[in-house]
Amino acid sequence: GALMPPDESAASSLDAWELARALAKPQEELARRRLGLSLALRDEALADREPLELDGLDDYGLREQALSMLAGGGELDLAAWEARIAGEGRLPMRAGGRRVLGRIRDEARTVLGRLERLGARVQSGQLSLATTASGVLIGATVPELRQSAEGPKLCWPTARRSVKGSALAQMQVWVSLLVARASGHEVERGVVVGVGDELELGLPAGLDAQAALGALLALRARVRSETLLLFPKLSLELVAARRSAKRRLEDRALVRSRRGVWEGNGMDAGDRDDPWVGALFGHLSIDDLADRATELLELAESVWGPVFDARPQRAGKGGKSTEGT
């Protein structure tokens with residue numbers, strides 16, 4: 001990729017979330033966080049009337065509020081919550097404000113119920129972990145540690161409906177698990193719990209967490225200095241397709257087989273629809289990427305190979321995981 005001026009802001013300390021975000025959203029990391037560029041992502045016109053329905057972001061924000069109010073066994077007074085939200089002009093009255101809030105409260109309860117089924121909470125308050133890799137202090141803050149049948153698990157409740165396919169969620173769990181092992185913590189599994197599903201990763205026995213973190217830090221440095229062929233959806237999909245294919249596709253054909261992940265398919269946005277990816281790589285077709293399949297796949301494997309292999313192993317041919325993305 002095109003080379004940038006040297007990164008003068010090499011961090012001596014970093015949060016696991018920052019490292020995960022750089023690797024899961026590399027174009028945004030380079031353009032926005034490293035180079036300070038901005039995009040007009042949407043018109044911020046003020047709403048001049050009451051909203052008729054909640055958009056996805058409002059839904060998510062209210063679910064986050066409900067989660068925080070219900071955490072620790074608290075209750076949620078719908079009437080008081082409705083009055084507060086209505087006062088902020090955010091409640092869709094025509095859709096039946098209290099009915100909508102009731103649904104969102106129930107969704108938050110679903111998340112917390114899923115969390116409780118994982119096992120008893122081990123510590124009160126957040127768990128703070130830290131280790132040093134390649135001279136960088138990496139800290140990880142995890143909302144909960146729970147004792148499950150398989151042992152202790154790092155746990156993240158989230159307001160997201162679906163987490164299983166989220167590159168960012170997977171990378172955050174992976175980096176946090178590496179920090180936990182490198183700091184001497186006995187935890188080997190991490191799980192993110194959403195409304196409709198959950199995502200779990202486990203650390204392979206004998207993995208050198210310090211070396212793995214060092215490799216991720218080196219990749220972050222590249223992300224912040226080059227336009228790399230590393231993408232939020234396509235790269236992870238390519239690794240998954242390689243693992244689950246009954247027969248090994250030739251690299252160019254494998255890349256072409258993921259056309260919808262790059263271009264979108266009408267139902268789901270593709271990587272090229274992401275504003276930051278589009279700004280740097282929107283001119284490339286899937287065939288252009290197939291011409292650089294070796295580079296694309298090497299980067300995908302270096303970042304996402306270990307993460308994909310950390311998914312729970314289910315009974316499949318040859319003992320391989322049958323999990324998809």
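# Two sheets, their helices and two single residues

Reader: What makes β1 and β4 a pair, and in which sense do they run?

Author: In this predicted model, β1 and β4 are joined over three bridges in the parallel sense, and since two strands count as paired when there are at least two bridges between them, the requirement is met. One position along this pairing can be named, for D15 stands opposite G139 in β4. Helix α1 packs on the sheet here, touching β1 and β4, with a direction that makes about 75° with that of β1. Helix α7 also packs on the sheet, where it touches β1, β3 and β4 and makes about 80° with the direction of β3.

Reader: Why are β1 and β3 described as standing at the edges?

Author: The sheet is an open one of three strands, in the order β1-β4-β3 and with mixed pairing. β1 (13-15) and β3 each have a single partner strand, so one side of each is left without a neighbour in the sheet. From one strand to the next, the twist averages 20°.

Reader: Which strands stand at the edges of the sheet that contains β5, and why?

Author: That sheet is open as well, with five strands in the order β2-β5-β6-β7-β8 and a mixed pairing. Its edges are β2 (120-121) and β8 (198-202), because each of these has a single partner strand and therefore keeps one side without a neighbour in the sheet. 

Reader: How do you know that β6 and β7 are paired, and what packs on this sheet?

Author: Strand β6 (residues 151-157) and strand β7 (residues 189-193) run parallel and are joined by five bridges, which satisfies the requirement of at least two. K153 stands opposite R189 in β7. Helix α6 (residues 167-182) packs on the sheet, where it touches β6, β7 and β8, and its direction makes about 35° with that of β8.

Reader: What is the arrangement of α6 relative to α13 called, and why?

Author: The two helices, α6 and α13 (residues 293-309), pack with their axes 10 Å apart and at an angle of about 75°. α6 is therefore called roughly perpendicular to α13, the range for that term being 65 to 115 degrees. On the α6 side, A167, Q170, M171 and W174 take part, and they meet V303, W304, P306 and V307 in α13. By class, this contact has seven nonpolar residues, one polar residue and no charged residues.

Reader: How is the crossing of α4 and α5 classified, and what lies in their contact?

Author: Helix α4 (residues 78-87) and helix α5 (residues 97-117) have axes that come within 10 Å and cross at roughly 115°. This makes α4 roughly perpendicular to α5, with the value standing at about the upper limit of the range of 65 to 115 degrees. As to handedness, α4 passes α5 in a right-handed crossing. L78, A79, W81 and E82 in α4 meet G97, R98, L101, G102, I104 and R105 in α5. The classes in this contact are five nonpolar, two polar and three charged residues.

Reader: What makes α8 largely enclosed, and which elements cover its buried residues?

Author: Helix α8 (residues 234-244) has eleven residues, and eight of them are buried, so the rest of the structure largely encloses it. The buried residues are L234, S235, L236, E237, L238, V239, A240 and A241. Among the elements that cover them are α6, α9 (251-256), α10 (259-263), α12 (286-290) and α13.

Reader: Why is α2 called mostly covered?

Author: Of the nine residues of helix α2 (residues 26-34), seven are buried, namely P26, Q27, E28, E29, L30, A31 and R34. Their cover includes α1 (16-24), α7 (209-223) and α11 (275-281). After α2 comes G36, whose phi is positive, near 70°.

Reader: Is S134 buried or exposed, and what is said of its phi?

Author: S134 is called exposed because its relative accessible area is 61%, and the term applies over 50%. This residue is found in the loop between β3 (127-133) and β4 (136-142). Its phi is positive, about 50°, although S134 is not a glycine.

Reader: Is E107 buried or exposed, and which residues is it in contact with?

Author: E107, whose place is in helix α5, has a relative accessible area of 11% and is therefore buried, as the term covers values under 20%. Apart from neighbours within four places in sequence, E107 is in contact with R63, R161 and V195. Its C-alpha atom is separated by 8.5 Å from that of A159, which is 52 residues away along the chain.

Notes. Residues numbered from 1 in each chain as written. Predicted model: local features only at pLDDT ≥ 70, side-chain atom pairs only at ≥ 80, totals over all residues. Heavy atoms only, no water. Helix = DSSP H or I, 4+ residues; strand = E, 2+ residues; numbered from the N terminus. Contact = heavy atoms within 4.5 Å. Axes fitted to C-alpha atoms, helices over the stretch in contact; angles between N-to-C directions. Buried < 20%, exposed > 50% of the residue type's maximum accessible area, 1.4 Å probe, protein only. Parallel < 35°, antiparallel > 145°, perpendicular 65-115°, else oblique. Left-handed = near helix turned anticlockwise from the far one by under 90°. Nonpolar A, V, L, I, M, F, W, Y, C, P; charged D, E, K, R; others polar.
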